[in-house]
Amino acid sequence: MAYDEVLADRVREQLEPEGVAAKKMFGGITFMLQGNALANVYEEGLMVRVGPDGMDDALARPGARPFVFRGKEQKGWVVLAEEILDDDVLEDWLTWAMEVTAELPPK
């Protein structure tokens, strides 16, 4: 199953002016800030970095669920239901992901 190209374009439009690079990986499009992934559009939707300390707040929001890889929950990442991602909600999540990712050391 392919990723949603329309969603990828919406994410790209918001992040590229901020200096974020898009790279095909993990079966989708990964958005990178200073070499660190901050979001990924893949077959299940949009995955964003919220940081380990942000998990409780993120999961309390509508449409967010833990990102599970190979049966294990990945701390610091959530997957968002596409139906909740109007422009304002998308911008809010991407801003959060940018702030968390900007605190990481560059790779």
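Which residues have the most contacts inside the largest nonpolar core? In this predicted model, they are V11, L46, V48 and W93, and the core that holds them has 28 residues.

**Nonpolar cores**

Several elements give two or more residues to this core: the helices α1 (5-15), α2 (55-59) and α3 (87-102), together with the strands β2, β3 (36-42), β4 (45-49) and β6 (72-80). The largest share comes from α3, which supplies seven residues. There is also a second core, separate from this one, with seven residues, among them A37, M47, F67 and V79.

V48 shows what surrounds one of the residues with the most contacts inside the 28-residue core. Setting aside neighbours within four places in sequence, V48 is in contact with L38 and A39, with G76, W77, V78 and L80, and with W93, L94 and A97. W93 is itself listed with V48 among the residues with the most contacts in that core.

**Packing of α1 against α3**

The helices α1 and α3 pack with their axes 11 Å apart, at an angle of about 60 degrees. The arrangement therefore counts as oblique. The crossing of α1 past α3 is right-handed. On the α1 side, the residues that meet α3 are R10, V11, Q14 and L15. Their counterparts in α3 are D87, L90, E91, L94 and M98. Two residues of this pairing recur elsewhere: V11 is one of those with the most contacts in the largest core, and L94 is in contact with V48.

**A buried polar pair in β2 and β3**

T30 is found in strand β2, which spans residues 28-33, and N40 lies in strand β3. T30 counts as buried because its relative accessibility is 1%, under the 20% cut-off. N40 is likewise buried, because its relative accessible area of 2% falls under that cut-off. A polar contact of 2.5 Å joins the side chains of these two residues.

Leaving out neighbours within four places in sequence, T30 is in contact with A21, A22, K23 and M25, and also with A37, A39 and N40. With neighbours left out in that way, the contacts of N40 are M25, F26, I29, T30, G45, L46 and M47. M25 thus appears in both lists, since it is in contact with T30 and with N40 (heavy atoms within 4.5 Å). For one of the N40 contacts, F26, the C-alpha atoms are separated by 8.3 Å, and the two residues are 14 apart along the chain.

**Positive phi in two loop residues**

Most residues other than glycine have a negative phi. Q34 has a positive phi of about 55 degrees although it is not a glycine, and R70, also a residue other than glycine, has a positive phi near 50 degrees. Q34 is found in the loop between β2 and β3, whereas R70 lies in the loop between β5 (64-69) and β6.

Is each of these loop residues exposed or partly exposed? Q34 counts as partly exposed because its relative accessibility is 44%. R70 is exposed, with a relative accessible area of 77%. The table sets these values beside those of the buried pair.

| Residue | Relative accessibility | Class |
|---|---|---|
| T30 | 1% | buried |
| N40 | 2% | buried |
| Q34 | 44% | partly exposed |
| R70 | 77% | exposed |

How values were computed:
Residues are numbered from 1 along each chain as its sequence is written. This is a predicted model: local features need pLDDT of at least 70, side-chain atom pairs count only at pLDDT 80 or more; totals for chains, interfaces and linings use all residues. Side-chain values use heavy atoms; hydrogens and water are left out. Helices (H or I, at least four residues) and strands (E, at least two) are DSSP runs, numbered from the N terminus. Buried means under 20% relative accessible area, exposed over 50%, partly exposed in between (1.4 Å probe, protein chains only). A nonpolar core is a set of buried Ala, Val, Leu, Ile, Met, Phe, Trp, Tyr and Cys residues joined through side-chain atoms within 4.5 Å. Axes are lines fitted to C-alpha atoms, for helices over the stretch in contact, and angles run from 0 to 180 degrees between N-to-C directions. Angles under 35 degrees count as roughly parallel, over 145 as roughly antiparallel, 65 to 115 as roughly perpendicular and the rest as oblique. A crossing is left-handed if the near helix is turned anticlockwise from the far one by less than a right angle, and right-handed if clockwise. A polar contact is a pair of N or O atoms within 3.5 Å; within protein, one must be able to donate a hydrogen and the other to accept it, and residues adjacent in sequence count only if both atoms are side-chain atoms.
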